[in-house]
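Open the model in your viewer and keep the sequence panel in sight. We will go from the whole chain to single side chains, one selection at a time.

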Amino acid sequence: MKSQLFDILSVKSKREILDLSQKTGVSYDMLTYYNTNNLLPSYSDLQSIADTTRISKIEIMLSMGIYDNELISKLSQYATTISKVLPAVIDDEKKHPIVLNPAFKTNFGKLYNADCLQALKEVEHDSIDLIFADPPFNLNKSYPSNIDDNLIEGDYIRWSEKWIDECIRVLKPGGSFFLWNIPKWNTYFSKYLNERLTFRHWIVSDIKFSLPIKGKLYPSHYSMLYYCKGNKPNYFNADRLPMEICPKCKSDLKDYGGYKDKMNPLGINMTDVWYDIPPVRHSKYKKRKGANELSIRLLDRVIEMASQTGDTILDPFGGSGTTYITAEIKKRNWIGIEIGPIDEIISRFADMHSEEVTLSNYRKRYNKLFSDEDTIARKKKGLWTHETFIKEEQLFIPIAV
Ligand SMILES: C[S@@+](CC[C@H](N)C(=O)[O-])C[C@H]1O[C@@H](n2cnc3c(N)ncnc32)[C@H](O)[C@@H]1O
């Protein structure tokens with residue numbers, strides 16, 4: 001357990017904090033701010049706290065669980081000595097594994113109704129091609145599972161590191177790991193993952209219609225970390241997207257100048273900023289009550305990009321089962337886990353056909369510059385289409401845009 005600053009300094013009451021403030025010259029408010037947010041005091045504050053309390057800066061940092069690169073390199077240098085004084089770590093659960101059975105099975109998948117930390121133990125090392133994880137964001141939301149979504153920051157991060165470790169263990173060499181979260185948490189997780197996997201992308205997905213927060217910038221994106229195990233992914237193939245046009249008048253939104261005729265008729269290269277993932281907000285489209293259901297369009301994109309038919313996908317936070325239904329439609333094997341009620345996931349499979357139709361409508365738009373309907377509409381309006389530039393005698397040389 002990491003300790004809060006006041007625990008390390010043995011400061012408990014308001015009076016003791018005021019006393020420390022007077023002796024160190026660090027204001028009461030700043031001391032409380034460092035303690036509450038588990039932040040390392042800034043250089044001069046840390047120095048004067050260390051001088052006053054005679055607890056060294058290194059001891060404060062180690063106790064708070066905050067390491068800079070200099071401290072890390074010192075710890076590595078003295079690893080043999082340090083490891084001798086550390087108690088052996090005993091993992092009782094590994095000694096007595098609990099055997100779990102899936103609560104639901106389909107042609108391609110199996111779903112565990114359990115805590116992911118327990119169920120992940122059922123999964124073989126190095127066996128999964130693609131992991132997609134959309135955990136609770138610790139934003140004090142209410143879930144059907146009644147999990148505590150309002151943990152102390154340090155506890156949320158520690159818990160996350162545990163399930164991330166398990167995901168890394170089960171991922172195949174060359175497998176891909178996607179972690180969907182709000183940017184705040186992904187700043188911590190990217191640091192953790194950078195020391196364990198290979199960074200591929202920080203993908204930004206635009207959130208339409210989010211709510212403004214007073215005193216802050218309007219939050220307008222989710223972030224999705226994309227890592228792979230080993231130097232490069234076993235499989236990567238991003239869809240190409242249609243060119244953005246005005247939905248009403250169908251004319252170009254960007255000026256491609258004299259390069260229109262050089263554009264790839266298969267569409268635009270996908271970037272790491274996604275504007276076309278719709279939120280699932282309207283209750284008519286939701287598969288379960290409450291928030292936090294992702295669009296099958298997002299899962300389709302991730303699954304297409306980083307897996308092939310017959311691969312195995314794991315999602316440790318089932319929710320309404322978006323990953324599982326998309327994987328099933330796309331003929332990927334899947335392993336699902338959800339701690340809360342799973343009846344809505346199961347009933348989603350009974351109505352799989354309608355989701356298959358939705359997905360195929362989405363997919364009709366990919367890997368071409370304009371959808372079939374847009375091509376017809378543009379031709380009617382005398383606007384260019386990629387066919388405008390294909391002349392029999394002309395050899396088409398695509399460029400990446
Ligand atoms: C953000 S939602 C996932 C939504 C999902 N991606 C979808 O599109 O429907 C997170 C889910 O994780 C579940 N959960 C929370 N803690 C869990 C745990 N320890 N093990 C398994 N599931 C957990 C919650 O009950 C919730 O349904």
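For the charge count used here, Lys and Arg are positive and Asp and Glu are negative, while His and the chain ends are left out. By that count the chain carries 55 positive and 52 negative side chains, and the centres of the two sets lie 3 Å apart. Please keep in mind on this tour that the model is predicted.

**Stop 1: the whole chain**

Show everything as a cartoon and you will find 16 helices and nine strands. Along the principal axes, the C-alpha atoms fill a box of roughly 85 × 50 × 45 Å. Now colour by accessibility: of the 401 residues, 41% are buried. Switch on the surface, and you are looking at about 22,700 Å² of exposed area, with 54% of it supplied by carbon and sulfur atoms. Among contacts with a separation of 6 or more, 68% are between residues 24 or more positions apart.

**Stop 2: a salt bridge inside one helix**

The structure holds 22 salt bridges, and we will visit a few. Side chains of opposite charge can pair when their charged atoms come close. Select helix H2, residues 14-24, and show the side chains of aspartate 19 and lysine 23, which are four residues apart in this helix, about one turn. Residues three or four places apart in an α-helix point the same way, because there are 3.6 residues a turn. The two side chains meet in a salt bridge, at 3.1 Å from N to O. Is each partner buried or exposed? Aspartate 19 counts as partly exposed, at 34% relative accessibility, and lysine 23 is exposed, at 57% relative accessible area.

**Stop 3: a bridge between two helices**

Next, select glutamate 304 and arginine 363, whose closest N and O atoms are 3.9 Å apart in a salt bridge. This pair links distant parts of the chain, with glutamate 304 in helix H12 (residues 296-306) and arginine 363 in helix H15 (residues 352-363), 59 residues apart. Arginine 363 has a relative accessible area of 22% and is therefore partly exposed, as the buried class stops under 20%. Add Asp239, Asp300 and Lys330 to your selection: together with Glu304 and Arg363 they are linked in a network of salt bridges.

**Stop 4: a buried pair**

Now pick arginine 348 and glutamate 355. Their closest N and O atoms are 2.7 Å apart, again in a salt bridge. Both arginine 348 and glutamate 355 are buried.

**Stop 5: two asparagines in a loop**

Find the loop between strand E3 (128-133) and helix H10 (153-170), and select asparagine 140 there. Asparagine 146 lies in the loop between E3 and H10 as well. Most residues other than glycine have a negative phi. Asparagine 140, however, has a positive phi near 60°, and phi of asparagine 146 is also positive, near 60°. Asparagine 140 is exposed, with a relative accessible area of 53%, and asparagine 146 is exposed too, at 68%.

**Stop 6: the two faces of H16**

Finish at helix H16, residues 372-380. Which of its residues are buried? They are Asp374, Thr375 and Arg378. Because these three cover an arc of only 105° around the axis, they sit on the same side of H16. Turn to the face away from that buried side, and you will meet the exposed residues Ile376 and Lys380. H16 is followed by glycine 382, which has a positive phi, near 75°.

Terms used
Residues numbered from 1 in each chain as written. Predicted model: local features only at pLDDT ≥ 70, side-chain atom pairs only at ≥ 80, totals over all residues. Heavy atoms only, no water. Buried < 20%, exposed > 50% of the residue type's maximum accessible area, 1.4 Å probe, protein only. Arc of directions from axis to C-beta. Contact = heavy atoms within 4.5 Å. Areas by Shrake-Rupley, 256 points an atom, 1.4 Å probe, with all protein chains shown as cover. Charge placed at Lys NZ, Arg CZ, Asp CG, Glu CD. Salt bridge = Lys/Arg side-chain N within 4 Å of Asp/Glu carboxyl O.
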